[in-house]
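Colleague: I am new to reading protein models, and I would like a close look at one part of this one, the nonpolar core. Could you walk me through the core and then show me how the surroundings fit in?

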Amino acid sequence: MERSDVLVIGGGIIGVCAAYYLAERGVKVTLVERDEICSGASYGNAGLIVPSHSFPLSAPGVVAKGLKWLLNPESPLYIRFRLDIDLLVWLWKFWSSCTEEHVRRSLPLLIGLQSESLNLFEQFASEGLVFGFQRKGTMTVFNTQQAFDEGTKEAELLKEHGLNSEILTAEKAREKEPLLSEKIVGGIYFPDDAHLDPAAFVISLANQTMQKGVNILTRTEAIELKSSGRRVVSVRTTKGELWADTVVLAAGAWSPTLTRNLGIKLPIQPAKGYSITVQNPERVPSLPLMLNEVRVAVTPFNGRLRLGGTLELAGLDLSINQRRVDAIRRGASQYLTEIKGEREEIWRGLRPCTSDGLPIIGRPSNLDNLIIASGHGILGISLGPITGKIVAQMVCGESLGYDLKLLSPERFR
């Protein structure tokens, strides 16, 4: 096959956005995907663009809650313990990152990146890309006073960084969303958030990238990155060897397996998430809801309603744990009146979560032509466009407009 300027590995939102912004700049791009476009974590997630949820996954209080949840297979966070040194090291580093200092450093950057990504989504919608984009805001709902008080404090901190919110009593929250149950104690409305149909976005944008000349190879799994000196010289795939001047690794949870032979250890663990999509529901909320204590997101789409949540650390395992699916349903029933529809689609996907809760975007120090764009955890959709744009700027030597030291792959050394 003819050599490309850039080879992108991964056909989820990060890889597709990178390919799009590179093609916009006249770069010759080949994208390879082990399955089909948008077949992984980008397909069935909640589809939220949420600057209001810019606290890193590793934050104060997570450890205390996590210890309570760890051995409960129906909890929002579940770890299937196994003799895996990478998992143990990851857990230690994750817990070490759960500090207020880490939040203070990370929050301005994540808010800035998510806000810019939201602007890019709006631009795509204004240019005619159809992906169910709506900027109605989101409401986080609470059923305990303690959690409501904690959420109010976080909202005040977000206000210091320019994010608006409205603290709602239980009565006011139910006025805004009548489907909420009598059990809730309050809600926080974030007017600047938005939501979209994630699969529609990724697939539509992939079609546009092909129109711009990007060569997309599906059912083509990258097996090995071969290096010589300070360069990746080729990528071995299930359909032969590929060559490019620059390689962009956006393979999500599978990224660490492709960097080991390069001397690069990426502290990324696959965190399995689930969603239940109800077709033609009888009633739907008027805006997306975040059900705080059970960590379930509720997103209305055109003719569908999606309930998504849970983090399950079980390795590269795509089996469906029915108890966790049922836990999402039960969790939602604590906040909402009964949800009925014609049929349901159950989905699971592996989110790539780093040990400090921040994505990895940048070049490793030992290779000049490799850019890593992975580890976005639960913010993959929300950060997709801005990550793709940053990758394209890096490849083309443009000014980034952001200090990305906190996201450098070198921070783990």
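Modeller: Happily; here is a walk from the whole protein into its core, and then out to a pocket and a few single residues. Please keep in mind that this is a predicted model.

Let us begin with the whole. The protein has ten helices and 20 strands. Its radius of gyration is 21 Å, close to the 22 Å that the globule rule gives for 413 residues, so the protein is as compact as a globular protein of that length. The C-alpha trace spans about 65 × 45 × 40 Å along its principal axes. Of the 413 residues, 57% are buried. If you take the contacts with a separation of 6 or more, 77% of them are between residues 24 or more positions apart.

Now to the core you asked about. In soluble globular proteins, nonpolar side chains tend to be buried together. Here, the largest nonpolar core holds 58 residues, and Phe-121 and Phe-201 are the ones with the most contacts inside it. Several elements give two or more residues to this core, among them strand 1 (4-9), helix 4 (100-126), helix 7 (198-211) and helix 10 (380-396). The top contributor is helix 1, with ten residues.

Phe-121 is a good place to pause. Leaving aside residues up to four places away in sequence, Phe-121 touches Ile-13, Ile-49, Phe-131, Phe-133, Leu-196, Phe-201, Ile-381, Ser-382 and Pro-385. You will notice Phe-201 in that list, the other residue named for the most contacts inside the core. There is also a second, separate core of 25 residues, which includes Val-141, Tyr-189, Leu-289 and Val-294.

Another buried spot worth finding on your screen is Val-235, in strand 11 (residues 231-237). Val-235 has a relative accessible area of 1% and counts as buried, because the cut-off for buried is under 20%. Its C-alpha atom is 9.4 Å from that of Ile-9, although the two residues are 226 residues apart along the chain. Val-235 and Ile-9 also touch, and the other partners of Val-235 include Leu-7, Ala-222, Leu-225, Leu-242 and Val-247, again without residues up to four places away in sequence.

Next, the empty space. Rolling a probe the size of a water molecule over the atoms shows where such space is left. The second largest pocket has a volume of about 510 Å³. Its lining has 25 residues, and those nearest the centre are Asp-86, Lys-265, Leu-266, Pro-267 and Ile-268. Helix 3 (85-96), helix 8 (255-259) and strand 14 (268-279) each give two or more residues to the lining, with helix 3 giving the most, five residues. By type, the lining divides into 13 nonpolar, four polar and eight charged residues.

Last, two backbone details. Most residues other than glycine have a negative phi. Cys-38 has a positive value, near 60 degrees, and lies in the loop between strand 2 and strand 3. Asn-280 has a positive phi too, near 50 degrees, and sits in the loop between strand 14 and strand 15 (289-291). As for their surroundings, Cys-38 is buried, with a relative accessible area of 2%, whereas Asn-280 is partly exposed, at 40%.

Definitions and conventions
Residues are numbered from 1 along each chain as its sequence is written. This is a predicted model: local features need pLDDT of at least 70, side-chain atom pairs count only at pLDDT 80 or more; totals for chains, interfaces and linings use all residues. Side-chain values use heavy atoms; hydrogens and water are left out. A nonpolar core is a set of buried Ala, Val, Leu, Ile, Met, Phe, Trp, Tyr and Cys residues joined through side-chain atoms within 4.5 Å. Buried means under 20% relative accessible area, exposed over 50%, partly exposed in between (1.4 Å probe, protein chains only). Helices (H or I, at least four residues) and strands (E, at least two) are DSSP runs, numbered from the N terminus. Contact means heavy atoms within 4.5 Å. On a 1 Å grid over the protein atoms alone, a cavity is a set of points where a 1.4 Å probe fits but cannot get out, and a pocket is an open set with protein on both sides within 12 Å along at least five of seven lines; lining residues have an atom within 4 Å of a point. Grid points are joined across faces, edges and corners, and a volume is the space filled by probe spheres set on the points. Ala, Val, Leu, Ile, Met, Phe, Trp, Tyr, Cys and Pro count as nonpolar, Asp, Glu, Lys and Arg as charged, and the others, Gly among them, as polar. The radius of gyration is taken over C-alpha atoms; the globule rule is 2.2 Å times the number of residues to the power 0.38.
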